[in-house]
Amino acid sequence: MESVIRGLAIYFVLLVIIRLSGRRTLAQMTPFDLVILLVISETTQQAMLGDDFSITNAIVLILTLFLADILLSYLKSWSPLAGKVIDGVPTILITNGVADQEALRGCRLQIEDVLEAARNQQGVESVKDIRFAILEVSGAISIIKNQ
């Protein structure tokens, strides 16, 4: 039972930390982000397992983490508010060619990140040619260009 409690505690702590850290896509990860991710995985593994390195304990933890994830997905489908709290909402970064600097800062993005997405998706090279740039819940940046 201790393993289940440890697993759930780590799951929810990581959920909160990831939610607070912002939505960055894997494509935007730096080599240092990858190193941090590896350190976090090793640290959480030690915290969850404690002194019990048995296969049974590992299976219990894996099932606990998957079950918690499945239950949260059901909670999000039943309660739109829970979905907004857990996953967040899309953030408008650019409206009619004007960048929202506060939104960019809040999402820890630079205008260059948005322009890169604009070039890749729509062939747009200037902020003034962007009608909307939206940071989606998934971390992807959607670009709608001016007509």
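**Salt bridges in a two-domain chain**

With a nitrogen-to-oxygen cut-off of 4 Å, the count comes to 2 salt bridges. Keep in mind that this is a predicted model. One bridge pairs arginine 6 with glutamate 2, and the other pairs aspartate 87 with lysine 76. As background, side chains of opposite charge can pair when their charged atoms come close.

**Arginine 6 and glutamate 2**
- The closest N and O atoms of arginine 6 and glutamate 2 sit 3.0 Å apart.
- Both residues belong to helix H1, which runs over residues 2–21.
- Arginine 6 and glutamate 2 are 4 residues apart, or about one turn of the helix.
- Arginine 6 has 30% relative accessibility, so it counts as partly exposed.
- Glutamate 2 comes in at 52% relative accessibility, so it counts as exposed.

**Aspartate 87 and lysine 76**
- Here the closest N and O atoms, one from aspartate 87 and one from lysine 76, are 3.1 Å apart.
- Aspartate 87 is in helix H4 (residues 80–87) and lysine 76 is in helix H3 (residues 55–78), so this pair ties together parts that are 11 residues apart in sequence.
- Aspartate 87 is partly exposed, because its relative accessibility is 30%.
- Lysine 76 is partly exposed too, with a relative accessible area of 27%.

**Domains**
- The chain splits into domain 1, covering 1–86, and domain 2, covering 89–145.
- Going by their C-alpha centres, domain 1 and domain 2 lie 29 Å apart.

Terms used: Residues numbered from 1 in each chain as written. Predicted model: local features only at pLDDT ≥ 70, side-chain atom pairs only at ≥ 80, totals over all residues. Heavy atoms only, no water. Salt bridge = Lys/Arg side-chain N within 4 Å of Asp/Glu carboxyl O. Helix = DSSP H or I, 4+ residues; strand = E, 2+ residues; numbered from the N terminus. Buried < 20%, exposed > 50% of the residue type's maximum accessible area, 1.4 Å probe, protein only. Domains from an automatic or database assignment.
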